[in-house]
Every structure is written in C-alpha cells, then in structure tokens.
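Thanks, everyone. I have one structure to walk through today. Let me put it on the screen.

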Amino acid sequence: MGKVLITGGCGFIGSHLAYRLSELGYQVIVVDNLVTGSLDNINPREINFFECDILGDQFDEIVKFFRPDYIFHLAAQANVSESIRNFLYDAQINILGTLKVIELSRKYNIKKIVFASSSAVYGQPKYLPIDTSHKADPLSPYGVSKYASEHYLKLAKKLFGIDFTILRYGNVYGPMQNTKAEGGVVAIFSSAISKNVPPIIFGDGEQTRDFVFVGDIVSANIAALKLGGGQILNVSSGKPVSINQLFQHIKSISNSQSEPIYKEERKGDIKHSELCIKETTQILQWAPSVELKEGLFKTLNFYNK
Ligand SMILES: NC(=O)c1ccc[n+]([C@@H]2O[C@H](COP(=O)([O-])OP(=O)(O)OC[C@H]3O[C@@H](n4cnc5c(N)ncnc54)[C@H](O)[C@@H]3O)[C@@H](O)[C@H]2O)c1
C-alpha cells in the first residue's frame with residue numbers, strides 16, 4: 001500500500017488517521033512532540049512513533065530513513081486564542097513547520113502532501129454555504145498561518161512539482177478530542193454532561209455550525225492520497241445545527257437532566273458557519289457518512305468510559 005508519515009499523529013484527528021491507514025495496510029510513521037497530543041491516543045506497539053518536533057533536525061533523519069511516499073501534515077498550534085496571545089509561536093509551528101514539511105518533501109521526493117487547513121481561513125462569511133471561491137480574510141493569526149501555509153504549498157507545486165491537497169476542515173468532533181481544544185464544543189459538552197457539570201453556552205446558542213465526525217475527516221484524507229491534486233477542498237458535514245440543538249441532542253442521548261448556563265457572547269465569534277462540500281464530494285468521491293446523532297453517540301460513549 002505504501003508508506004505514510006503523519007505529523008501530529010498523536011493528536012485528536014491524527015491518531016484516528018493513523019489507525020485507519022494502518023488497518024488499510026499502510027506502513028504508518030507518526031511524528032509528534034506531544035505538546036497537545038498524547039500517547040494515550042496511539043499505541044507505539046502498533047504504530048511506529050517518534051517523539052520529535054517537526055522543527056528539529058531529527059525530523060529530517062526520520063524522513064530520510066523511512067522515505068515515506070506521502071505526508072499528512074496535521075501537526076499544528078491549533079488553538080485560536082493561543083494564536084492571538086502568541087503570534088510568534090503560532091507562526092513558528094504553523095508556518096515554519098509547514099515549510100519544513102515542504103523542504104523535506106522536496107529533498108526526499110515525497111509524492112504528495114495532504115495538509116490540514118481550516119475554515120478559519122475564511123473569516124466572517126459573506127454568504128453560506130462557504131465555497132472555496134469565498135474570499136479568505138482570516139480573523140486570527142491561526143487563520144493567517146494556515147492561509148500562508150496554503151500559499152507555500154501552492155508555490156512548492158509550481159516551483160518544485162510537489163503535489164498537495166489542502167483540506168479545509170469545519171468543526172471536527174469525535175472520541176479522543178481534547179476538552180481543552182478550541183472549538184471542541186462537542187467534547188466540552190459531552191465531558192461536562194458525563195461529569196454532571198452544566199455546560200456553558202456563549203451567546204444565545206442560536207449560532208450554527210456544521211459539525212463533522214472525525215471518521216469522515218479521516219476518509220477524506222485517505223481519499224486525497226490518490227484522488228485530486230493541487231486543490232483546496234472543504235471538508236465538513238454540510239448540515240448546520242445550532243449550539244442549542246446540539247446540546248439537546250447530547251442531553252437526550254445521555255439521558256441527562258442537565259441545563260446549560262448562558263454567558264455573554266464571545267468577541268469575534270462567527271454567528272453562522274457552513275461549508276459547501278460539493279466540489280469535495282466530486283473530486284474525492286467522498287461524502288460524510290456519519291449522521292450527527294450517531295457521531296454524538298460514539299463520542300459520548302468515549303467520555304462516559
Ligand atoms: N479539530 C478541529 O476541529 C480542526 C478544525 C480545523 C483544522 N484542524 C487542524 O487539524 C489538525 C489536527 O488538529 P487536532 O484537532 O487533531 O489538534 P491536536 O492538537 O489534537 O493535534 C495536533 C498535534 O500536533 C502535535 N504538534 C504540535 N506542534 C508540533 C511540533 N512542533 N512538532 C510535532 N508535533 C507537534 C501535537 O502534539 C498534537 O498531537 C491541525 O492542523 C488543526 O489545525 C482541526
């Protein structure tokens with residue numbers, strides 16, 4: 001099947017991807033410095049794991065030794081608030097980290113980079129659903145660093161012929177998501193309800209998001225290995241729900257009597273977000289397959305354990 005290297009493979013999404021690729025018969029190499037990821041997410045007896053910073057020299061040694069065919073680049077500073085607190089750190093990990101992946105891909109003839117970008121590149125939506133022709137106008141350094149990385153990938157293809165697919169994820173949820181993670185509202189609600197703590201909703205709860213189950217993000221990544229190339233694609237469920245509806249689903253699945261606490265709307269929060277996935281379904285021959293209730297059920301089972 002081939003060799004794949006996953007940066008950030010001990011994180012929430014990367015670990016799911018590592019297991020699915022391994023089940024499919026790929027030789028999987030995970031590189032992660034465990035800054036937010038955890039060894040609870042992957043078993044080093046099953047997956048080749050290297051504790052290593054993508055900005056460090058050891059990363060070069062690993063790529064040189066394994067010579068992967070493909071790199072999934074997921075390692076990132078993925079916290080929007082942290083990016084606002086610390087522009088420099090965000091840019092170091094997200095921009096220089098991507099440049100390092102590009103440099104090594106050039107040096108060791110990697111066939112393709114599949115890059116984890118974000119709907120954060122769009123900023124305030126001008127229309128819904130947001131397609132990839134929508135103007136990118138990020139509202140945070142995190143969005144800027146993802147957008148800058150996308151540009152470097154496009155240039156690397158033009159200048160050195162390194163193929164890529166950029167996947168702009170919507171709001172991803174599922175088992176193993178860190179409850180401290182930015183935007184991980186499903187993880188935060190599920191964890192709070194399982195501990196009998198009332199979850200907090202910022203604003204009136206009528207803001208909408210199209211949550212996508214992590215398994216669907218994984219299948220889009222895997223489809224992107226062989227299909228398409230040189231494109232930017234949205235990956236989400238395309239089915240928006242309000243935060244109030246989301247809470248009610250979680251509450252009913254978990255038979256909870258819990259009620260949320262409403263707090264003042266957070267500055268800069270987007271009211272409605274929904275990605276258009278039409279192009280992605282065509283190019284990757286992919287479609288989200290996990291309905292929200294099913295995905296929430298799986299996620300709640302995880303937090304109840
Ligand atoms: N979770 C979402 O809803 C979401 C939405 C859009 C985009 N994304 C993107 O998807 C990717 C994965 O996100 P996630 O939610 O799994 O986050 P995560 O924090 O769980 O995973 C990121 C991983 O990268 C590792 N890492 C960070 N800096 C590193 C470095 N310098 N060297 C090596 N490893 C490093 C962390 O330890 C962690 O395991 C990120 O690029 C993120 O920006 C996530």
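Let's start at one residue. F50 is partly exposed: 18 other C-beta atoms lie within 10 Å of its own. The cut-off for buried is 20 or more, and for exposed 12 or fewer, so 18 falls in between. Keep in mind that this is a predicted model.

Where does F50 sit? It lies in strand β3. Setting aside neighbours within four places in sequence, F50 is in contact with V30, V31 and I62. One spacing to note is F50 to P68. They are 18 residues apart in sequence and 14 Å apart in space, C-alpha to C-alpha.

Now zoom out to the sheet. It is open, has 7 strands, and pairs in parallel. The order is β3-β2-β1-β4-β5-β6-β11. Which strands stand at the edges? They are β3, residues 48–51, and β11, residues 231–235. Each has a single partner strand, so one side of each is left without a neighbour in the sheet. From one strand to the next, the twist averages 20 degrees.

Take one pair inside that order. β1, residues 3–7, and β4, residues 70–73, run parallel and are joined by 4 bridges. I6 has F72 as its bridge partner in β4.

Next, helices on the sheet. α2, residues 57–66, lies across β1, β2 and β3, and runs at about 175 degrees to β2. α4, residues 87–107, lies across β1, β4 and β5, and runs at about 180 degrees to β4.

On to the ligand. How many residues surround it? The count is 31, and the closest are G8, G11, G37, A76 and V172. Elements giving two or more residues to this shell are α1, β2, α4, β5 and β7. α1 gives the most, with 3 residues. By class, the shell divides into 17 nonpolar, 12 polar and 2 charged.

Last stop, helix α8, residues 243–253. Its buried residues are I243, L246, F247 and I250. Why do they line one face of the helix? Seen down the axis of α8, they fall within an arc of 100 degrees, so they share that face. What covers them includes α6, β8, β12 and α10. After α8 comes N255, with a positive phi, near 50 degrees.

To recap: a parallel open sheet of 7 strands, a ligand shell of 31 residues, and a helix α8 with its buried residues on one face. Over to you for comments.

Conventions. Residues numbered from 1 in each chain as written. Predicted model: local features only at pLDDT ≥ 70, side-chain atom pairs only at ≥ 80, totals over all residues. Arc of directions from axis to C-beta. Contact = placed C-beta atoms within 7 Å. Pairing = 2+ DSSP bridges. Axes fitted to C-alpha atoms, helices over the stretch in contact; angles between N-to-C directions. Near = placed C-beta within 6 Å. Nonpolar A, V, L, I, M, F, W, Y, C, P; charged D, E, K, R; others polar.
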